[in-house]
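Hi,

Here is the structure I promised to pass on. Have a look at it first, and my notes follow below.

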Amino acid sequence: MRNYYIAGNWKMHKTRSEAAELARALVAQLKDGKYKYLVAPAFTSLETVGAIVKGSNILLGAQNCAPEEQGAHTGEVSVLQLKDLGVQVVILGHSERRHIYKEDDELINKKVKLALKHGLEVILCVGELLEEREAGKAEVVCETQTVKGLTGVAAADLGRITIAYEPVWAIGTGKTATPEDADVIHAYIRKVVGKLYGADAAQNIIIQYGGSVKSENAAQLMAKENIDGALVGGAALKADSFVPIAKFG
Ligand code: PEP
């Protein structure tokens, strides 16, 4: 039985003191929450937020990592450095990384394997652009990103992978995929995972939905058979908007 997994991606928001204030509020308000929870602050707030969520039911996540363990990579942050800060999960392949910073599937796959090698969990984001959806290519785009993102990932490590389906046209735009449309893609991604790893793996993998999730639409999305949680951006920046999503239902 899959449990729901609700994650907040704080993106490039919040100073350390602002991040600390939000983390403290979430620890207090989610302590009786029954789902799996994650917050992913900016790198600069990881240590501060990590100290606050330590021992709570909220995991500490990073929003990216370098494709190499160490070396001459100015401006990058290594998985070893993240682990050193207590990071447990890394979000990879977010559409802002794919489309603004031009990360391709090969690079993302390298990061996925490196994070798994060092014991981290991964949220692998996939999702189509508006023009791809309009051209009827949503499924094939998500299939390609899933297959390439998971290339070389052993079945034994799949339990540490969550997939987040995030249609790019729904991120930060206020446009949410309908629960029905999202569920079609989630079911398709589950089928792709089944083809790669078998029926049990397909049944067990957690597939989050991301794209303008709010308290008003969370329950309808999560009621769908293949939607197992949410990766939340804008609404994750305040306890007042994140907690109702995290405690939906
Ligand atoms: C995201 O960036 O992963 C996201 C889903 O953002 P928003 O909730 O703001 O659409």
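Four bridges join strand S1 (residues 5–9) to S8, and the two run parallel. Before I go on, the ground rules: this is a predicted model, where local features need pLDDT of at least 70, side-chain atom pairs count only at pLDDT 80 or more, and totals for chains, interfaces and linings use all residues. Residues are numbered from 1 along each chain as its sequence is written, and side-chain values use heavy atoms, with hydrogens and water left out.

**Strands**

Helices (H or I, at least four residues) and strands (E, at least two) are DSSP runs, numbered from the N terminus. Two strands pair if DSSP finds at least two bridges between them.

Start with S8, which covers residues 229–232. Within the pairing to S1, Ile6 stands opposite Ala230, and Ala7 has Leu231 as its bridge partner. S8 also runs parallel to strand S7 (residues 206–210), with two bridges joining them. There, Tyr209 stands opposite Ala230, the residue that Ile6 faces from S1.

S1 pairs with strand S2 (residues 36–40) too: five bridges, again parallel. Ala7 has Leu38 as its bridge partner in S2.

Two crossovers are worth a look in the viewer. S1, helix H1 (residues 16–29) and S2 make a right-handed β-α-β unit, and S7, helix H10 (residues 215–222) and S8 make another right-handed one. Right-handed here means that, with the strands pointing away from the viewer, the path from the first strand over the helix to the second runs clockwise.

How is S1 covered? Five of its five residues are buried, where buried means under 20% relative accessible area, exposed over 50%, and partly exposed in between (1.4 Å probe, protein chains only). In a regular strand the side chains alternate between the two faces of the sheet. In S1, Tyr5, Ala7 and Asn9 point one way and Ile6 and Gly8 the other, all of them buried. S8 is covered on both faces as well, with Gly229 and Leu231 buried on one side and Ala230 and Val232 buried on the other.

One more strand residue: Ile58 sits in strand S3 (residues 58–62) and counts as buried because its relative accessibility is 3%. Ile58 and Lys31 are 27 residues apart in sequence, with 8.6 Å between their C-alpha atoms.

**Cysteines**

There are zero disulfides, a disulfide being a pair of cysteine sulfur atoms within 2.5 Å. Why is Cys65 not bonded? The closest cysteine sulfur, in Cys125, is 12 Å from that of Cys65, so it is too far for a bond. Cys142 is in no disulfide either, as its nearest cysteine sulfur, also that of Cys125, is 11 Å away. Both residues are buried, Cys65 at 1% relative accessibility and Cys142 at 0%.

**Pockets and the cavity**

Rolling a probe the size of a water molecule over the atoms shows where empty space is left. On a 1 Å grid over the protein atoms alone, a cavity is a set of points where a 1.4 Å probe fits but cannot get out, and a pocket is an open set with protein on both sides within 12 Å along at least five of seven lines; lining residues have an atom within 4 Å of a point. Grid points are joined across faces, edges and corners, and a volume is the space filled by probe spheres set on the points.

- The largest pocket comes out at about 540 Å³. It has 17 lining residues, with Lys11, Met12, Gln63, Arg97 and Tyr101 closest to its centre. The lining splits into eight nonpolar, five polar and four charged. (Ala, Val, Leu, Ile, Met, Phe, Trp, Tyr, Cys and Pro count as nonpolar, Asp, Glu, Lys and Arg as charged, and the others, Gly among them, as polar.)
- The second largest pocket has a volume of about 240 Å³. Of its 19 lining residues, Lys11, Gly172, Ser212, Gly233 and Gly234 lie nearest the centre. By class there are seven nonpolar, nine polar and three charged residues.
- One cavity of 30 Å³ or more turns up, and the largest cavity has a volume of about 40 Å³. Its lining includes Cys125, Gln145 and Glu166. Helix H4 (95–99) gives the most, with three residues.

Cheers
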